[in-house]
Amino acid sequence: MTIESKDLADAGPGGVQDEPFLLGDREFQSRLIVGTGKYRDNETMVRAIRASGSEMVTVAVRRVELDRSKEESILHQLSPEEFFILPNTAGCYTAEEAVRYARLGRAAGLNEWVKLEVIGDESTLLPDVHATLEAARILVDEGFKVMAYTNEDLVTALRLEDAGCISVMPLASPIGSGLGLVNPYYIREIKSRLEVPVIVDAGVGTASDACATMEQGVDGVLMNTAIAAADHPTTMARAMKLGIQAGRLAYLAGRMPSREIAVPSSPTHGMLD
Amino acid sequence: MSDEGGGEEIPLTVNGKDRAVPAGLTVRGLLEHLELVPELVVVEHNREIVDRSRYSEVTLEAGDRLELVHFVGGGKAAERDLENRL
């Protein structure tokens, strides 16, 4: 098994060099964050996550299954020494519930970070932004470093930043939908107005989605299903790593303006009569 | 052999299910009784999180409600009624 290097997008000699990805008080090389759910088995998960080059992985807090014969904490599979473990509040529907899960995650003793997610609607899994903001304020006050999942609404993003979140995480499209980036304009708007890192969370389906998302200039992307539900998760993880890097480089390069007329790229003079 | 069956038991609710355990157990004792690794489990005792450094100090009483949780694979929202949610 090859362990992929965890590198910045490499622009090569003479290229625009990227800066490290600063988040809270930490520095990351990879701009890809991955979830650890939905894999068919642990071995596939670990191999795929290593292939993705991600340094940060999200985990969920759940009851220990007492009738299982052995302890099945995911920390047996993913060492906190190899990966930064980000507890999330996935599946919470109220601010109170999310705060409870966040506190339990912190009590595990790894760090004081939380990926805050409060769902407001069961069929679309769209976030409850009011409850998210309420929970964010409580958790920031308790000393948490909060990364907040939200929709692509600029005003909510600004409020979450004001509340003290270390990152705001607008969706590309609904969780697990694989629809890709449906609203690049709003994502660019959020990125241009916030000072904290903007990480697009949810909706990416394939590598071109990851690339297109990074081309908007956001700081990173968080995904899970796109890798876990691919026919070959390890191969998709590698594709996502490259897609993220390609998108980042394209952003740094500064794309040509798009226009709806053709413009020749060869000289128009010097043609034969 | 001398203590087998002779010890008093108390009822607890652990992860939503009623369970009888030997009387006088501490949180650490309960985790050991259930063959869990204390370093990997977070304990909520009657809705209060027990700091891991106090696992040996907190003694359980009849009727106490405990939630024993740990980290599992997860990305985004799961089904709402998933069995192992709190």
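Begin by selecting Glu161(A), a buried residue with a relative accessible area of 18%. The model on display is predicted. Glu161(A) counts as buried because its value falls under the 20% limit. This residue belongs to helix H4 of chain A, which covers residues 154-162.

Next, display the surroundings of Glu161(A). Leaving aside residues up to four places away in sequence, Glu161(A) touches Val168(A), Arg193(A), Leu194(A), Glu195(A) and Val196(A). Two backbone nitrogens deserve selection here. That of Glu195(A) lies 2.6 Å from a polar atom of the Glu161(A) side chain, and that of Val196(A) lies 2.9 Å from a polar atom of the side chain of Glu161(A). For a further distance, select Met147(A): its C-alpha is 9.7 Å from that of Glu161(A), with the two positions 14 residues apart in sequence numbering.

Now turn to the aromatic rings. Over all chains, the count of aromatic pairs comes to 4. Select Phe21(A) and Phe28(A), a tilted pair with 6.2 Å between centres and 50° between planes. Both Phe21(A) and Phe28(A) are buried. Then add Phe84(A), which forms an edge-to-face pair with Phe28(A), at 6.0 Å centre to centre and 75° between the planes. Phe28(A) lies in strand S2 (residues 26-28) and Phe84(A) in strand S5 (residues 84-88), so this pair ties together parts of chain A that are 56 residues apart in sequence. The relative accessibility of Phe28(A) is 5%, which counts as buried; Phe84(A), at 9%, is buried as well. Adding Trp113(A) to the selection shows the cluster that ring pairs form from Phe21(A), Phe28(A), Phe84(A) and Trp113(A).

Finally, select Arg106(A) and Phe144(A): Arg106(A) lies over the face of the Phe144(A) ring, 3.8 Å from its centre.

Definitions and conventions. Residues are numbered from 1 along each chain as its sequence is written. Chains are lettered from A and ligands numbered from 1 in the order in which they are written. This is a predicted model: local features need pLDDT of at least 70, side-chain atom pairs count only at pLDDT 80 or more; totals for chains, interfaces and linings use all residues. Side-chain values use heavy atoms; hydrogens and water are left out. Helices (H or I, at least four residues) and strands (E, at least two) are DSSP runs, numbered from the N terminus. Buried means under 20% relative accessible area, exposed over 50%, partly exposed in between (1.4 Å probe, protein chains only). Contact means heavy atoms within 4.5 Å. A polar contact is a pair of N or O atoms within 3.5 Å; within protein, one must be able to donate a hydrogen and the other to accept it, and residues adjacent in sequence count only if both atoms are side-chain atoms. Rings of Phe, Tyr and Trp (its six-membered ring) pair if their centres lie within 6.5 Å; planes under 30 degrees apart count as stacked, over 60 as edge-to-face and the rest as tilted. A charge sits over a ring if NZ of Lys or CZ of Arg is within 6 Å of the ring centre and within 35 degrees of the ring normal.
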